[in-house]
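Welcome! Open your viewer, keep the selection panel handy, and follow along stop by stop.

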Amino acid sequence: MPEAKYSCEQDILCGVNLPKDQKNLADLEKKHLPVINAPGKVKKDDAFEIEVRVGGIDGVQHPNEPAHSIEWLEVYCGDTFIGRSGFSGGTSYGVTKFKVKLSHAHGPLKAWTKCNLHGIWEGVKDIKIEG
């Protein structure tokens, strides 16, 4: 039997959306990409804060109304789960903060967020664990 080939490039609701050109973001990307604010390096087992905001790049804000909103936001270090925040359309905004400590990194900090109309989006920030 021939191998099936699947392509999701044109389906915004399939898989995780990444920017097509990080240096030239479309407005859709600017309002959906999670932006991670965290140190670039931390000491092993020292607590630090990770703040994540959905969109707002170049002032392009994501809508916050019941018909179009951010449902949730998750943070990982590589594939290791750190935390999740849920939001209510029209009342809460896609901004969250976690206080964490890491003994080692399994990869970069990664944030996933889900828009009820435009699917899942990913933001990434490198982090180095020292000591």
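Begin by selecting Ile-50 in strand 4: Phe-98 in strand 7 is its bridge partner. Helices (H or I, at least four residues) and strands (E, at least two) are DSSP runs, numbered from the N terminus. Before moving on, note that this is a predicted model, in which local features need pLDDT of at least 70 and side-chain atom pairs count only at pLDDT 80 or more, while totals for chains, interfaces and linings use all residues. Residues are numbered from 1 along each chain as its sequence is written, and side-chain values use heavy atoms, with hydrogens and water left out.

**Stop one: the sheet**

Now show strand 4 and strand 7 together; they run antiparallel and are joined by six bridges. Add strand 2, which is antiparallel to strand 4 and linked to it by four bridges. Two strands count as paired if DSSP finds at least two bridges between them. Within strand 2, try Val-35, whose bridge partner in strand 4 is Arg-53. Then click Asn-37, which stands opposite Glu-51 in strand 4.

With these three strands on screen you have an open, antiparallel sheet in the order 2-4-7. Strand 2 (34-37) and strand 7 stand at its edges with a single partner strand each, so one side of each has no neighbour in the sheet. On average, neighbouring strands here are turned by 20° against each other, direction ignored (axes are lines fitted to C-alpha atoms, for helices over the stretch in contact, and angles run from 0 to 180 degrees between N-to-C directions).

**Stop two: the core**

Is strand 4 mostly covered or uncovered? It is mostly covered, with five of its seven residues buried; buried means under 20% relative accessible area, exposed over 50%, and partly exposed in between (1.4 Å probe, protein chains only).

Select Val-52 next. Leaving out residues up to four places away in sequence, Val-52 touches several residues, among them Pro-34, Ile-36, Leu-73, Val-95 and Ala-111; contact means heavy atoms within 4.5 Å. Val-52 is also one of the residues with the most contacts inside the largest nonpolar core, which has 20 residues. A nonpolar core is a set of buried Ala, Val, Leu, Ile, Met, Phe, Trp, Tyr and Cys residues joined through side-chain atoms within 4.5 Å.

**Stop three: two loop residues**

Finish with Asp-45, in the loop between strand 3 (41-43) and strand 4. Its phi is near 65°, a positive value in a residue other than glycine, and Asp-45 is partly exposed at 38% relative accessibility. Asp-58, in the loop between strand 4 and strand 5, also has a positive phi, about 55°, and is exposed, with a relative accessible area of 64%.
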